[in-house]
Amino acid sequence: MNERGVVRRVNGPLVELDHLPGVAMADLLEIGAQWLPAEVVEVRGGRVVAQAYEYTGGLAAGAPARPLGRPLCARLGPGLLGGVFDGLLRPLATAPTWLGPGPSIVDSREWTFEPRANLATVAAGGELGVVTDAGPLAHRVLVPPGIEGTLDWLAPAGRYRADQPIATVAGTPVTLAAWWPVRRPRPFHARLVSAEPLLTGQRVLDAVFPIAKGATAAVPGGFGTGKTVLLQQIAKWCDADVIVYVGCGERGNEMADAMAELAALSDPRTGGRLTDRTVIVANTSNMAIMGREASIYTGVTVAEYYRDMGYHAVVIADSTSRWAEALREFASRTGAMPAEEGYPAGLASALAAFYERAGLVRTLGDATGSVTVIGAVSPPGGDLTEPVTAQTQRFVRTLWTLDRELAYARHYPAVTWRGSYCRDADRLGAWYAGNGDPEWAGRRARAVALLGEADRLAALADLVGVTALPARERMVLLGGRLLREGVLQQSALSPVDARSAPERTAALLDLVLDVVSGCQRLVEAGHPAESIEQADLSPILRAREEFGTDRLDEMRRLGPALLARLEASP
Ligand SMILES: Nc1ncnc2c1ncn2[C@@H]1O[C@H](COP(=O)(O)OP(=O)(O)O)[C@@H](O)[C@H]1O
Ligand SMILES: [Mg+2]
């Protein structure tokens with residue numbers, strides 16, 4: 001392209017330019033001697049306003065700009081798994097400046113391609129072959145969206161660079177890597193109703209506030225309540241095929257720690273490294289702030305890419321509030337009329353555009369795949385009524401609210417049963433019933449009821465004293481404590497307990513619920529409440545640290561043994 005624009009004004013990430021005829025909204029530009037990437041966010045007569053995705057220090061009026069003739073895109077191909085990228089999906093260590101769609105890590109090596117297609121005509125989403133050395137998952141090479149027709153040519157098995165054609169479909173060459181505009185959802189055939197849980201290994205989530213594969217969840221919580229730890233636990237232990245971790249505006253050293261931890265973990269599914277199924281998109285607090293905006297869409301686009309291959313992908317974004325703050329900062333520089341608390345009027349639609357890309361789908365190639373979206377929200381001062389938290393709640397199916405008091409009491413994860421919800425619990429209960437655990441829904445209902453009643457009685461006991469309560473209610477209070485401390489608490493640092501397999505979660509919850517019912521029977525039969533309250537119940541509280549999945553039988557014997565002891569004592 002020959003037109004050269006000229007920079008007129010620079011205000012932080014906001015750059016005003018002119019002499020860019022024909023440039024359209026959302027086009028990508030490259031600006032200045034460094035060719036900084038920037039996206040057009042306003043076209044007004046001859047003037048164009050762009051948001052720069054890199055630091056604009058040194059950019060002066062009169063600097064040149066060139067349009068790339070395409071929107072903000074991510075380059076998708078083999079080589080993403082195990083990688084660390086910036087918000088524009090450029091390999092972080094190697095690409096400090098943007099040089100246009102030139103060579104990247106993706107292009108610098110050859111991949112082993114095995115052709116699979118055996119049809120004369122192919123449709124978008126159809127499989128052309130597999131890259132066998134792009135990580136532990138088969139990397140399916142699909143006919144890109146928008147292309148279909150005669151398969152003119154298919155490359156023989158061999159080694160290919162990502163920019164070399166491996167097929168020609170209706171005259172169009174298909175390469176292993178391709179650009180995709182990150183703000184546009186990748187197409188699919190049909191949205192399916194998701195009824196299968198995304199197992200997280202975290203008991204309070206899996207047993208009480210589950211999330212379905214292809215659904216959405218948000219984790220609002222004040223500073224230090226455990227959002228990052230919880231999201232990292234999910235990244236480590238969830239049963240998705242691909243994990244896309246977007247570090248958005250959070251501290252860089254936290255990201256570095258997270259990466260080091262992931263790299264050290266072995267993958268329970270493949271025996272390889274867990275990082276080999278992970279894509280990290282990092283736009284930390286020290287990086288140019290508009291990159292946060294890009295990183296959110298880039299992350300979800302990468303997840304859709306793997307969804308289209310028939311995988312379950314999860315996008316974890318920490319924190320969506322830092323992204324919203326970038327939107328707010330930029331909006332204030334444009335002089336746009338602010339809405340609530342200075343956020344732009346488009347905040348709700350921006351959040352919707354992110355969360356709505358979640359889903360379980362039938363892909364163009366007739367596979368089933370999903371994108372699950374999980375976002376942290378960091379409300380200033382822990383105020384859950386602020387705009388980002390309030391708007392986010394409109395778009396998520398599951399909410400894991402972290403409670404400051406629980407965190408202070410070192411009850412981790414600090415997911416509160418009062419302010420959290422799951423809108424898919426009935427459907428997931430039906431899935432468990434059909435998949436070997438018919439008790440799941442009943443167990444959950446009993447746990448939720450016990451937590452609620454124990455909270456209500458605790459408030460009452462504060463007023464009148466525990467001993468004034470009837471024995472049955474005293475057992476509810478005791479049961480609430482056993483449930484909170486013995487089941488819901490789960491240390492991220494524990495070698496035995498950091499991940500709780502579903503059968504172990506079920507066994508631990510059954511243990512506590514059965515002991516509570518047993519205690520109720522004892523007091524009904526006239527057993528004094530004090531003697532149960534004063535008995536040593538610590539074996540129950542220790543069970544989660546003591547018995548791994550391989551020792552569930554011992555865990556199951558604990559309840560009956562304890563009840564027998566209580567019954568025998570006066
Ligand atoms: N599940 C957990 N197990 C053990 N410690 C936890 C857990 N969750 C949070 N913590 C503690 O809380 C601290 C703050 O958590 P963090 O995730 O960084 O908070 P946030 O991201 O909300 O600011 C952690 O450094 C850790 O000590
Ligand atoms: Mg954090």
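In this predicted model, an oxygen atom of ligand 1 lies 3.0 Å from a polar backbone atom of G226. This pair is one of three polar contacts (pairs of N or O atoms within 3.5 Å) tabulated here.

| Ligand 1 atom | Protein partner | Distance |
|---|---|---|
| oxygen | G226, polar backbone atom | 3.0 Å |
| oxygen | T228, N or O atom in the side chain | 2.8 Å |
| nitrogen | Q490, polar backbone atom | 3.5 Å |

The protein covers 77% of the 560 Å² of accessible area (Shrake-Rupley method, 1.4 Å probe) that ligand 1 has on its own. Residues surrounding the ligand, with a heavy atom within 4 Å of it, include F223, K227, Y412 and S491.

Strands here are DSSP E runs of at least two residues, and helices are H or I runs of at least four, numbered from the N terminus; two strands pair if DSSP finds at least two bridges between them. Strand β23 (residues 359–362) runs antiparallel to β18 (residues 190–192), joined by three bridges, with A190 opposite R362. Four bridges pair β23 with β24 (residues 368–377), also in the antiparallel sense, and V361 stands opposite G369. Five residues separate β23 and β24 in a hairpin, where D366 in the turn has a positive phi of about 65 degrees.

V464 belongs to helix α10 (residues 440–464). V464 counts as partly exposed (20% to 50% relative accessible area) because its relative accessibility is 46%.

Residues are numbered from 1 along each chain as written, and chains are lettered from A and ligands numbered from 1 in written order. Local features need pLDDT of at least 70 and side-chain atom pairs pLDDT 80 or more, whereas totals for chains, interfaces and linings use all residues, and side-chain values use heavy atoms, without hydrogens and water.

How values were computed:
Buried means under 20% relative accessible area, exposed over 50%, partly exposed in between (1.4 Å probe, protein chains only). A polar contact is a pair of N or O atoms within 3.5 Å; within protein, one must be able to donate a hydrogen and the other to accept it, and residues adjacent in sequence count only if both atoms are side-chain atoms.
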